[in-house]
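Here is a brisk tour for a newcomer. Please look at the model first, then read on.

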Amino acid sequence: MPRTITVKGIGTSSARPDYVVLSMHLESQDREYEKATNYAALSIQHLTQTLVALGFDKTDLKTTNFNIDTDYNKEKDRNGNYHQVFKGYKVIQDLKLSFDFNMQRLATTLSGISECVSNPELSIRFTVKDATAINEEMLRSAAINAKRKAEILCAASGVALGQLIAIDYN
């Protein structure tokens, strides 16, 4: 009967970020549906114009979420009962802008967006453009780590490490 040792390897890898992803959130609201959607369209138009003036192509701004909801206030009547009172339509747009990391371009872009009348909520994420090499290095590191753990367990148990039977990769 074959004896089996199961170990988990932990891999690490690091790289300098070479890519920036700006996530932006815009909300427009009005009691009338048409006005709410027009305000939303104007916000996108202003933001796009700002980015084009900064040297981006208008297709660089990508929509990641678009949603229209109704908005209500809870109000108490004379009897102390709460009722939903229609407040209007809320248009929610989430957008992203990605570009190669360059500190000067990032500073200029953030400055331009902060002056834009659309006034989006903004978050910045630094990442790598191509994660393949990092993922491969992490897998190599995890395999080396798992093998080392198996060797330690075998040595402590007084047995020899044999052929690899299976890899459970997740």
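Rings of Phe, Tyr and Trp count as a pair if their centres lie within 6.5 Å. Planes over 60 degrees apart make such a pair edge-to-face. With that in hand, the aromatic residues come first. Note that this is a predicted model.

## Aromatic residues

Which residues form one aromatic cluster? The members are Tyr-33, Tyr-72, Phe-86 and Tyr-89. Across the whole structure, a search turns up five aromatic pairs. Tyr-33 and Tyr-89 make one of the edge-to-face kind. Their ring centres are 5.5 Å apart, and the planes meet at 85°. Tyr-33 belongs to helix 1 and Tyr-89 to strand 3, so this pair ties together parts that lie 56 residues apart in sequence. Tyr-33 is partly exposed, at 44% relative accessible area. Tyr-89 also counts as partly exposed, at 25%.

Another ring has a charge for company. The charged end of Arg-105 sits over the ring of Phe-56. The distance to the ring centre is 3.9 Å.

## The sheet

Now for the strands. Four of them build an open sheet, in the order 2-3-1-4, with antiparallel pairing. Which strands stand at the edges? They are strand 2 (61-76) and strand 4 (121-127). Each has a single partner strand, so one side of each is left without a neighbour in the sheet. On average, neighbouring strands are turned by 20° against each other, direction ignored.

Strands of a sheet pair through backbone hydrogen bonds, either parallel or antiparallel. Strand 1 (residues 19-30) and strand 3 (residues 82-100) run antiparallel and are joined by twelve bridges. Strand 1 also pairs with strand 4, again in the antiparallel sense, over seven bridges. Some residues of these pairings are listed here.

| Residue | Stands opposite | Strand of the partner |
|---|---|---|
| Val-20 | Phe-99 | strand 3 |
| Gln-29 | Lys-90 | strand 3 |
| Ser-23 | Ser-123 | strand 4 |

## The helices on the sheet

Helix 1 (residues 33-53) lies across strand 1, strand 2 and strand 3. Helix 1 runs at about 150° to strand 1. Helix 2 (residues 103-115) packs on the sheet as well, touching strand 1, strand 3 and strand 4. The direction of helix 2 makes about 5° with that of strand 1.

## The core

How many residues are in the largest nonpolar core? There are 15. Those that touch the most other members are Leu-22, Met-24, Leu-47, Leu-51, Leu-61, Leu-97 and Phe-99. Strand 1, helix 1, strand 3 and helix 2 each supply at least two residues. Strand 1 gives the most, with four.

Take Leu-61 as a closer look. Leu-61 lies in strand 2. Is Leu-61 buried or exposed? Its relative accessibility is 14%, and the limit for buried is under 20%. Leu-61 therefore counts as buried. Setting aside residues up to four places away in sequence, Leu-61 touches Met-24, Leu-47, Thr-48, Leu-51, Leu-95, Lys-96 and Leu-97. Leu-61 and Ile-44 are 17 residues apart in sequence, with 9.4 Å between their C-alpha atoms.

Leu-47 has its own set of contacts. Beyond neighbours within four places in sequence, Leu-47 is in contact with Met-24, Leu-26, Leu-61, Leu-95, Ile-113, Cys-116, Ser-118 and Pro-120.

## Two exposed residues

Lys-8 comes in the segment before strand 1. At 68% relative accessibility, Lys-8 counts as exposed. Which residues does Lys-8 touch, not counting those up to four places away in sequence? They are Asn-145, Ala-146 and Lys-149. Lys-8 and Asn-145 are 137 residues apart along the chain, yet their C-alpha atoms are separated by 8.1 Å.

Asn-119 lies in the loop between helix 2 and strand 4. Asn-119 is exposed too, with a relative accessible area of 59%. Its backbone stands out for a different reason. Most residues other than glycine have a negative phi. Phi of Asn-119 is near 50°, a positive value in a residue other than glycine.

Key:
Residues numbered from 1 in each chain as written. Predicted model: local features only at pLDDT ≥ 70, side-chain atom pairs only at ≥ 80, totals over all residues. Heavy atoms only, no water. Pairing = 2+ DSSP bridges. Axes fitted to C-alpha atoms, helices over the stretch in contact; angles between N-to-C directions. Contact = heavy atoms within 4.5 Å. Buried < 20%, exposed > 50% of the residue type's maximum accessible area, 1.4 Å probe, protein only. Core = buried A, V, L, I, M, F, W, Y, C linked by side-chain atoms within 4.5 Å. Phe/Tyr/Trp six-rings, centres within 6.5 Å; stacked < 30°, edge-to-face > 60°. Lys NZ or Arg CZ within 6 Å of the ring centre and 35° of its normal.
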